[in-house]
Amino acid sequence: MGDYNYHYSLTVTMKGNEIELVRILTIFTTIDLSSNNFSGEIPKAIGKLNSLIVLNFSHNSLTGYIPESLGGLTSIESLDISSNHLTGRIPSQLTSLTFLVVFNLSWNRLHGPIPHGPQFNTFENSSYAGNIGLCGFPLSKDCEDNQTEVQPPMLQQDEDDSDVDGFTWKIVVIGYACGMTLGIFLGSLMFLIGRPKILCEIC
């Protein structure tokens, strides 16, 4: 087994001590570091292990963001980083993981919209439980961005309604003015030709 299988190094913190793993086999297909009380951020170098099928960092004390580099785990089928202290948004790069079957981000401090993608549309609510800042499908909580997108048609409808009301009001005023002018003209004409005298004689 040559040195070309050991391209990546990794620094982990365990029980307050930093340990550097100088050489990691790139042919590893499973990494399970769950329930080890690890702290610190998820190393970006993990995303270069493109032969990885299972990655489990659950039940630790990991902080920081989910690295966008995890989108490079093109063969990953199971990704579990639940029960940590991760913050930020779910990287949209993860939607390219087309082999992903098991996905668990529950009980972190993530926020923002859940990305849409072929595999992401198959995950259930349990994959995101405990992240009160997340929104969008499959959660019942809508994102504020979606709500603002719905508002402009409603505002346009209100403007259209006000235009209709204004148009109706103008017609009424014009009709009233024309009727009043015509009434004054006909009334004056009747007095000029003496028709009111005839009406008085009949009475």
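How many aromatic pairs does the count come to? In this predicted model, the count comes to 4 aromatic pairs. A pair of aromatic rings is described by the distance of the centres and the angle of the planes. For Phe 103 and Tyr 128, the ring centres lie 6.3 Å apart and the planes stand at 70 degrees, so that this pair is classed as edge-to-face, the angle being over the 60 degrees that this class requires. Phe 103 belongs to strand β9, which covers residues 102–104, whereas Tyr 128 sits in the loop between β10 (109–113) and β11 (133–135); the pair therefore ties together parts that are 25 residues apart in sequence.

Both members of this pair are withdrawn from solvent by the accessibility criterion, for which the limit is under 20% relative accessible area. Phe 103, at 4% relative accessibility, counts as buried, and Tyr 128 is likewise buried, with a relative accessible area of 1%. A second edge-to-face pair is made by Phe 120 and Phe 123, because their ring centres are 5.7 Å apart and their planes are at 70 degrees. Phe 120 and Phe 123 are both buried, and together with Phe 103 and Tyr 128 these residues form one aromatic cluster.

The aromatic residues also lead into a description of the nonpolar interior. The largest nonpolar core comprises 29 residues, and those with the most contacts inside it are Leu 55, Ile 90, Phe 103 and Tyr 128; Phe 103 and Tyr 128 are thus named both among these residues and in the aromatic cluster. For Leu 55, when neighbours within four places in sequence are left aside, the residues in contact are Ile 31, Ile 46, Leu 70, Leu 73, Ile 76, Ser 78, Leu 79 and Asp 80.

With regard to secondary structure, the protein has 2 helices and 11 strands, and the elements, followed from the N terminus, run β-β-β-β-β-β-β-β-β-β-β-α-α. An open sheet is formed by 3 strands in the order β8-β10-β11, with parallel pairing. Its edge strands are β8 (87–88) and β11, each of which pairs on one side only. Strands β8 and β10 run parallel and are joined by 2 bridges, and in this part of the sheet Gly 88 has Leu 110 in β10 as its bridge partner.

The count of disulfides comes to 1. A disulfide is a covalent bond between the sulfur atoms of two cysteines. Here the bond joins Cys 135 to Cys 143, with an S to S distance of 2.1 Å. The torsion about the S-S bond of Cys 135 and Cys 143 is about 105 degrees, and the disulfide is therefore right-handed. Cys 135 is buried, its relative accessible area being 7%, and Cys 143 is also buried, with a relative accessible area of 5%.

Taken over the whole protein, buried residues make up 32% of the 203 residues. Among contacts between residues at least 6 apart in sequence, 38% join residues that are at least 24 apart. The area exposed by the protein is about 13,200 Å², of which carbon and sulfur atoms supply 59%.

Terms used. Residues are numbered from 1 along each chain as its sequence is written. This is a predicted model: local features need pLDDT of at least 70, side-chain atom pairs count only at pLDDT 80 or more; totals for chains, interfaces and linings use all residues. Side-chain values use heavy atoms; hydrogens and water are left out. A nonpolar core is a set of buried Ala, Val, Leu, Ile, Met, Phe, Trp, Tyr and Cys residues joined through side-chain atoms within 4.5 Å. Buried means under 20% relative accessible area, exposed over 50%, partly exposed in between (1.4 Å probe, protein chains only). Contact means heavy atoms within 4.5 Å. Rings of Phe, Tyr and Trp (its six-membered ring) pair if their centres lie within 6.5 Å; planes under 30 degrees apart count as stacked, over 60 as edge-to-face and the rest as tilted. Helices (H or I, at least four residues) and strands (E, at least two) are DSSP runs, numbered from the N terminus. Two strands pair if DSSP finds at least two bridges between them. Accessible areas come from the Shrake-Rupley method with a 1.4 Å probe; for residues, only the protein chains shown count as cover. A disulfide is a pair of cysteine sulfur atoms within 2.5 Å.
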